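Trainee: I'd like to go through the empty spaces and the packing in this one with you. Can we take it a question at a time?

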Amino acid sequence: MKELQWINAIPERDPGTYSGGLRCLINGEVREWKGAASDVVSPIYQKTPNGLERRQLGKCALLDGDAARQALTAALKAYDKGRGAWPTSSVTNRIQCCEAFLQRMEKRRLEVVRLLTWEVAKSWADSLQEFDRTVAYGRATIAALKDMDRASSRFVLDSGFFAQVRRSPCGVALCMGPYNYPLNEMYTTLLPALIMGNTVVAKLPRMGTLCNLPLLEDFAVSFPSGVINIITGEGSAVATPIMETGDVDLLAFIGSARVANILSQKHPRPNRLREVLGLGAKNPAIILPEANLDLAAKECVDGALAFNGQRCTALKIIFAHRKIADEFTARVARTVSTLAAGMPFEDGVFLTPQPEEHAVKRMCEYVEDAVSHGARVMNPDGGAVNLTYFHPAVLYPVGAKMKIWAEEQFGPIVAIAPYGDPNEFLDYVAASPYGQQASIFGADPAAIGRLIDALMNQVCRVNLNTQCRRGPDIYPFNGRKDSAEGTLSVSDALRVFSIRTLVAAKESPDSTQLAQNIIRGRHSQFLTRDYLF
Ligand code: G3H
């Protein structure tokens, strides 16, 4: 490993000290917070006269239960038991608000990306991509809703009844995203929730908070008061009191199953609560004996180490057939040695420091434990530590006694397990508490076909000769067991944040006339045949 250099910031990619951290959005008002706050400290060290020090990026408001309940009250008021202006508004109006927001958001690109890069040490290129992907997701959501609404404008006739079937909001949503995609995974729940007519309290992630805050004013001017409320703070201090009221209709949470379970158990009316959850995963890959090893090594390294392995979709264990396992591992180790480590604001950097407290210590423990059970670190400097930076470790041969076998490392460890019979791999997948995706590398159609058929009943996506991933965003993104509840894709998200509802009547001249009068007089936003797009 080239010695990691803690070089000082590139000025145009430096967010400086962000002064807007002590703010939240409640009831249409961007409020200054005078209470408790935490320091937001970057994982990036900088040279100072006192030596290397982590850079303080600003402060973040630690709201309390009262403030959180005020945000909820604002969302409840805007929903107004389903009679509020937002849930009864036309689809056109909601689309216009979202479009206005996205236009404003785009103007903040660099401000947001600078903070994102420095808060979670995501490379500049990946941070730009996360921002652009989020805006594109918003635009695709609008296009999908137009399609859906066009289709549901038609009346259905059956068995002497006519009906108009549409989708209506669920109510008040609490949306919470994770630190690894603090923009993208906030907005892939928040935007569909809003556009379907729900009102929202969004609790920002513990890390990756500041990068969301330049957008508070844009939300405030784009949406009516109370429709979107944005709060920060410890989950136990702000999300728990909100859930305990029993007034939340929908919990959209991307994070760990442990926290999701704690939150949903706080809700006193479980049957009222609908949940959309994106949780942990231990996505495995299998390398069949005749696989193209160069391709497999490249894809597996990228799949395991992109954003230092801090992705729910990362490849977290790789099963390599005994015939090729040594050769495959050597190629993986060589590929890891070619990856550039450095400061996330530098161009061309792939490996960066880790933002999560204790992550470096946890990675070291995985390596020590695996080595104590017979694995070896196969790459030069694998597992070397430099402050918040942990150099990826390629561990081989990994076995069932090791913690890395079953636990989700969520960090830069490439774990390779040799196998002889593909059933060993399938049994691993079946025994895992997770069930998101898997990758197959090979060329034998019969062997791959058999694996596909078995895997499809254990995970939700099988990737052929490529790593696991969420995108393209029009594809369903979901999981079985402890990995997810509900499906997110551009169009699926519109469905999970709404419920099918209909107006039906017996076919008769009177009821047809009545429906026509409602539509022609524009007396309802629901019962309408408007083709506005
Ligand atoms: O952490 C989970 C993300 O949704 C993964 O998305 O596969 O595009 O990195 P990605």
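Trainee: Which residues lie nearest the centre of the largest cavity?

Mentor: Keep in mind that this is a predicted model. The largest cavity has a volume of about 80 Å³, and 14 residues line it. Those nearest its centre are Leu277, Gly278, Phe477, Asn478 and Ala484.

Trainee: And which element gives the largest share of the lining of the largest cavity?

Mentor: Two elements give two or more residues to that lining: strand 11 (274–278) and strand 23 (484–485). By class, the lining divides into seven nonpolar, six polar and one charged. The largest share is three residues, and it comes from strand 11.

Trainee: Where does the largest cavity lie with respect to the domains?

Mentor: Look at who contributes to the lining: domain 1 (19–160 + 172–278) gives residues, and domain 2 (283–485) does too. So the largest cavity lies between domain 1 and domain 2.

Trainee: What is the volume of the second largest cavity?

Mentor: The structure holds two cavities of 30 Å³ or more. The lining of the second one includes Lys282, Tyr428, Val429 and Gln436, and strand 12 (283–287), helix 13 (422–431) and strand 19 (434–435) each give it two or more residues. Its residues divide into five nonpolar, five polar and one charged. The second largest cavity has a volume of about 50 Å³.

Trainee: On to the open space: which helix supplies the largest share of the lining of the largest pocket?

Mentor: The largest pocket holds about 1,100 Å³ of space. Helix 7 (235–244), strand 10 (250–254), helix 8 (257–266) and helix 11 (359–372) each supply at least two of its lining residues. The largest share is five residues, from helix 8.

Trainee: How many charged residues are in the lining of the largest pocket?

Mentor: There are 37 lining residues, with Arg206, Phe253, Gly255, Ser256 and Val259 nearest the centre. Both domain 1 and domain 2 give residues to the lining, so the pocket lies between them. Split by class, the lining has 18 nonpolar residues, ten polar ones and, for the charged class, nine.

Trainee: Now the packing. Which helix gives the largest share of the largest nonpolar core?

Mentor: That core has 102 residues, and Phe219, Phe223, Ile287, Phe328 and Phe497 touch the most other members. The largest share of this core is nine residues, from helix 4 (residues 124–152).

Trainee: How many residues does the other core have?

Mentor: First, the largest core draws at least three residues from each of domain 1 (19–160 + 172–278) and domain 2 (283–485). Apart from it lies another core, with Trp405, Leu426, Val429 and Ile440 among its members. The count for that other core is 33 residues.

Trainee: Is isoleucine 230 buried or exposed?

Mentor: Isoleucine 230 sits in strand 9 (residues 228–231). Beyond four places in sequence, it is in contact with Cys24, Leu25, Ala202, Leu204, Leu216 and Phe219. Its relative accessibility is 4%, and the cut-off is under 20%, so isoleucine 230 counts as buried.

Trainee: Last one: which residues does phenylalanine 223 touch?

Mentor: Phe223 is one of the residues that touch the most other members of the largest nonpolar core. Not counting residues up to four places away in sequence, phenylalanine 223 touches Trp86, Cys97, Cys98, Phe101, Leu194 and Ile228.

Notes:
Residues are numbered from 1 along each chain as its sequence is written. This is a predicted model: local features need pLDDT of at least 70, side-chain atom pairs count only at pLDDT 80 or more; totals for chains, interfaces and linings use all residues. Side-chain values use heavy atoms; hydrogens and water are left out. On a 1 Å grid over the protein atoms alone, a cavity is a set of points where a 1.4 Å probe fits but cannot get out, and a pocket is an open set with protein on both sides within 12 Å along at least five of seven lines; lining residues have an atom within 4 Å of a point. Grid points are joined across faces, edges and corners, and a volume is the space filled by probe spheres set on the points. Helices (H or I, at least four residues) and strands (E, at least two) are DSSP runs, numbered from the N terminus. Ala, Val, Leu, Ile, Met, Phe, Trp, Tyr, Cys and Pro count as nonpolar, Asp, Glu, Lys and Arg as charged, and the others, Gly among them, as polar. Domain bounds come from an automatic or database domain assignment. A nonpolar core is a set of buried Ala, Val, Leu, Ile, Met, Phe, Trp, Tyr and Cys residues joined through side-chain atoms within 4.5 Å. Buried means under 20% relative accessible area, exposed over 50%, partly exposed in between (1.4 Å probe, protein chains only). Contact means heavy atoms within 4.5 Å.
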